[in-house]
Amino acid sequence: MPTPAYAAPAADQPLAPHTIERRTPGAHDIAIEILYCGVCHSDLHTARNEWGNTIYPSVPGHEIVGTVTAAGKDVKGFKVGDTVGVGCMVDSCGHCASCAEGEEQYCENGFTGTYNGPVFGGENTYGGYSTSIVVDQKFVLRVGHKDHLEAVAPLLCAGITTWSPLRHWNTGPGKKVGVVGLGGLGHMGVKLAHAMGAHVVLFTTSPNKVADGKRLGADAVVISKDAGQMAKHANSFDFILNTVAASHNLDAFLNLLKRDGTLCLVGAPEHPHPSPTVFNLIFKRRQLAGSLIGGIRETQEMLDFCAEHGIVCDIEMIAMRDINTAYERMLRSDVKYRFVIDMATLKKPAVGATPNAV
Ligand code: NAP
Ligand code: ZN
């Protein structure tokens, strides 16, 4: 089925209109009309080949909310008209130890990304910057929110990527939790850690985000470039979630952990961080860790929790043709706090609109 999309033709070229082929839904498949798609920094890393593995043309987008338009004969629990979500994965091997434990993101044979194909190579897949997608029912999520579906879309990546480590490291009442960077992931990290009952401290490089940090749920906000402000929190954190999308000095945050505390990296910058000082790890048995999105079961738990507690993302809606400007603003940390594409603008471009005119 020919499907309108937006694609990066090469690393150094802007995204532009493109037509992709979606498969005809099989017995286990669900066809989804995409209503909204969030814009993750991973989309930008991929479109510009910053991780060195992009297959072109590249159609990014893995924060998808839409409506079921068709369901295969063996599909259970979804019907035409349901509101559903698709996140970062559309398949995995289904039989390795990680898949058996519901941790498909760590599939030992490589999960299939919603875009840019199987993580260990293979045929390309095309993401949510398009009007529709066909996905195996195992990788389709139920959306319990009744309205503001545009603000639900980024939960499918920014939400689960922060939820999973916050749960894994048992953050909650009595825990002092840091979140580094107030972007798409970071603002959900603050909201979710606050909702879990932790004492939350936001670290930002942007003084103009202090008030928003508190509004979103931070008990305190620290300007991370201010050594004096940082020193006041030395040796005091149980857990710090680092969402920064650029290479930076990790020692500044390791030093804030108390004994046995963990600094977890979810940001995946183009260039490596300078190596942290080993003494900062060994003297307090601190741990440096990483975390990748979350499994399907866990993503459903997160969506249900957010629906129950009325949690959505803070978003700025854009038209599909504005994507290249949105990428530039994201690089300047100028987004409050997630761009979401209104996919109706791809189906029906505004009269007189020229693609990539912005
Ligand atoms: P984003 O919206 O661009 O937010 C990143 C934030 O990092 C910025 O808002 C800024 O916050 C801070 N920052 C940016 N440049 C910085 C610098 N040079 N030094 C210090 N802070 C800086 O990006 P995002 O969509 O949240 O994604 C963040 C990273 O996570 C990306 O690398 C993305 O690829 C990765 N990611 C990983 C996973 C995973 O599974 N592990 C999943 C999704 C995304 P302040 O203005 O507050 O300083
Ligand atoms: Zn993402």
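Biologist: Where does ligand 1 lie with respect to domain 1 and domain 2?

Modeller: Domain bounds here come from an automatic or database domain assignment. The protein chain is divided into domain 1 (2-157 + 294-357) and domain 2 (161-290). Both domains give residues to the shell around ligand 1, so the ligand lies between them.

Biologist: What kind of model is this, and how are its parts counted?

Modeller: This is a predicted model: local features need pLDDT of at least 70, side-chain atom pairs count only at pLDDT 80 or more, and totals for chains, interfaces and linings use all residues. Residues are numbered from 1 along each chain as its sequence is written, chains are lettered from A and ligands numbered from 1 in the order in which they are written, and side-chain values use heavy atoms, with hydrogens and water left out.

Biologist: How many residues of domain 1 and domain 2 are in contact?

Modeller: Contact means heavy atoms within 4.5 Å. By that rule, 20 residues of domain 1 touch 21 residues of domain 2. The C-alpha centres of the two domains are 27 Å apart. Buried area is the accessible area (1.4 Å probe) that two parts lose on being put together, summed over both. For these domains it comes to about 1,900 Å², with 57% on carbon and sulfur atoms. Phe305, Asp314 and Tyr337 supply 31% of the area that domain 1 buries against domain 2, more than any other three residues.

Biologist: How many residues surround ligand 1, and which are the closest?

Modeller: A residue belongs to the shell if one of its heavy atoms lies within 4 Å of the molecule. Here 29 residues surround ligand 1, and the closest are Thr204, Thr205, Ser206, Lys209 and Arg338. For classes, Ala, Val, Leu, Ile, Met, Phe, Trp, Tyr, Cys and Pro count as nonpolar, Asp, Glu, Lys and Arg as charged, and the others, Gly among them, as polar. The shell has 13 nonpolar, 14 polar and 2 charged residues.

Biologist: Which atoms of ligand 1 pair with N or O atoms of His41, Leu185 and Val266?

Modeller: A polar contact with the ligand is a pair of N or O atoms within 3.5 Å. The side chain of His41 has an N or O atom 2.7 Å from an oxygen atom of ligand 1. Leu185 uses a backbone N or O atom, 2.8 Å from a ligand oxygen. Val266 also uses a backbone N or O atom, 2.9 Å from a nitrogen atom of ligand 1. Taken alone, ligand 1 exposes 920 Å² (Shrake-Rupley method), and the protein buries 88% of that. Helices (H or I, at least four residues) and strands (E, at least two) are DSSP runs, numbered from the N terminus. The elements giving two or more residues to the shell are α1 (41-47) and α5 (184-195); the largest share, 3 residues, comes from α1.

Biologist: Which peptide bond ends at Tyr337, cis or trans?

Modeller: Most residues other than glycine have a negative phi, and most peptide bonds are trans. The bond joining Lys336 and Tyr337 is cis, with omega about -15°. Tyr337 sits in the loop between α11 (323-331) and β17 (338-342).

Biologist: What is the phi of His148?

Modeller: Phi of His148 is near 50°, a positive value in a residue other than glycine.

Note on methods
A polar contact is a pair of N or O atoms within 3.5 Å; within protein, one must be able to donate a hydrogen and the other to accept it, and residues adjacent in sequence count only if both atoms are side-chain atoms. Accessible areas come from the Shrake-Rupley method with a 1.4 Å probe; for residues, only the protein chains shown count as cover.
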